[in-house]
Amino acid sequence: MCDTCGGHGPSEAARPHVPIGGSRIVVVGKGGVGKSTLSALLARMLARRGFSVMAVDADEQRNLAATLGVDIGTATSIVPLAEDADYIEEKTGARPGEGAGGMLRLNPDTSDLVDRVSVPAPDGVRLVVMGGVRRAGGGCLCPETALVASAVAGMHLHHEDVVVMDTHAGVEHFGRALARGFDTAIVVVEPSFNAVQVGVESAMLARELGIDSLHLAVNRTRSQDDVDRVLAHVDRLGGFPFTSVTALPFDRSVVDGEPAVDLTLEGSALVDALAALASTIVTPVPLAAGSVA
Ligand SMILES: Nc1ncnc2c1ncn2[C@@H]1O[C@H](COP(=O)(O)OP(=O)(O)O)[C@@H](O)[C@H]1O
Ligand SMILES: [Mg+2]
């Protein structure tokens, strides 16, 4: 068992995963495959459809604010959760970078997390930036990861509430404490063997951690051949029973509009394909709940 977050051990593995409501989606995959782009598009698309969306940036490169289209003034004012030492200590009993001798509080009351540490993003999305996530070899990510994990897992989500978490490249940071809060993973790959290898590893790890809704998103496709090639790579790696497979086309609007996804959201083949994927994950919010798109 990890000294700081209490995770990574057999007792943690045995803990049943009990989703409380709403959808908690983690976006994983190799660096550069499009995780931040797709996280931002999904968050804003769902917000436009009446969902209440919390976007979590769990990549220390902190690209999600710019990708979501958060204005520069707000973006520079963001205090990443990992640097909000007082909040973390108040909630977990340990300051960032410190262990707590195994005494970290794992189920703190984090109902004030969104109010205290999130910033507004376009379309009503709320953004929480974790920051400072430690890498492979550093082992556990706690206490800040434990805090976000318990916040996400413990949040009483209504069915119109969605959490979308963008992650760091690779899977090494994806510990039990973090995964416990999530019920759905979008595994992003591009049409290359290396990306598919990381994607399949991510999917296996996510499944081991109790996430059973695992969607393969083949990003930047230019033809059906690209999708077929990816599926052949998956087979070559031993196969994986993905819940769904979605082709997401290369879309010039992403390049023309970057860093923000506004241009793509205005109408694009990519958004249409992503909407089809989203509809397999979340059930629509009734119009009365404020759907605008
Ligand atoms: N479907 C797409 N079509 C065109 N460009 C894309 C698409 N998806 C992502 N990109 C571009 O690919 C690059 C990497 O995307 P990014 O979301 O930053 O990847 P990651 O977060 O996985 O590292 C960015 O320049 C982004 O604009
Ligand atoms: Mg990214």
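**Exercise 1. Determine which share of the protein's contacts between residues at least 6 apart in sequence joins residues at least 24 apart, and describe the overall make-up of the chain.**

Step 1. Contact means heavy atoms within 4.5 Å. Among contacts between residues at least 6 apart in sequence, 80% join residues at least 24 apart.

Step 2. The model is predicted, so local features need pLDDT of at least 70 and side-chain atom pairs count only at pLDDT 80 or more, whereas totals for chains, interfaces and linings use all residues. Residues are numbered from 1 along each chain as its sequence is written, chains are lettered from A and ligands numbered from 1 in the order in which they are written, and side-chain values use heavy atoms, with hydrogens and water left out.

Step 3. The protein has 13 helices and eight strands; helices (H or I, at least four residues) and strands (E, at least two) are DSSP runs, numbered from the N terminus.

Step 4. Of the 293 residues, 55% are buried, where buried means under 20% relative accessible area, exposed over 50%, and partly exposed in between (1.4 Å probe, protein chains only).

Step 5. The accessible surface amounts to about 12,100 Å², and 51% of it belongs to carbon and sulfur atoms. Such areas come from the Shrake-Rupley method with a 1.4 Å probe; for residues, only the protein chains shown count as cover.

**Exercise 2. Describe the surroundings of ligand 1 and identify which element gives the most to its shell.**

Step 1. A residue is near a molecule or strand if one of its heavy atoms lies within 4 Å of it. There are 16 residues around ligand 1, of which Gly-32, Lys-35, Thr-37, Arg-220 and Asp-251 come nearest.

Step 2. A polar contact is a pair of N or O atoms within 3.5 Å; within protein, one must be able to donate a hydrogen and the other to accept it, and residues adjacent in sequence count only if both atoms are side-chain atoms. A polar side-chain atom of Arg-220 is 2.6 Å from an oxygen atom of the ligand 1 molecule. A polar backbone atom of Lys-35 lies 2.8 Å from an oxygen atom of ligand 1, and one of Asp-251 lies 2.8 Å from a nitrogen atom of ligand 1.

Step 3. Ligand 1 taken alone exposes 560 Å², and the protein buries 79% of that.

Step 4. Helix H2 (35-48), strand S7 (213-221) and helix H11 (252-257) each give two or more residues to the shell. H2 gives the most, with three residues.

**Exercise 3. State which residues have the most contacts inside the largest nonpolar core.**

Step 1. A nonpolar core is a set of buried Ala, Val, Leu, Ile, Met, Phe, Trp, Tyr and Cys residues joined through side-chain atoms within 4.5 Å. The largest has 76 residues, and Leu-68, Leu-127 and Ile-186 have the most contacts inside it.

Step 2. H2 gives the most to this core, with eight residues.

Step 3. Leaving aside neighbours within four places in sequence, Leu-68 contacts residues including Ala-40, Ala-43, Arg-44 and Leu-127.

**Exercise 4. Is Thr-167 buried or exposed, and what surrounds it?**

Step 1. Thr-167 belongs to strand S5 (residues 161-167). Thr-167 counts as buried because its relative accessibility is 0%.

Step 2. A polar atom of the Thr-167 side chain lies 2.7 Å from the backbone oxygen of Val-27.

Step 3. Asp-59, in the loop between strand S2 (52-58) and helix H3 (64-68), touches Asp-166, Thr-167 and His-168, not counting residues up to four places away in sequence. Asp-59 is also buried, with a relative accessible area of 6%.
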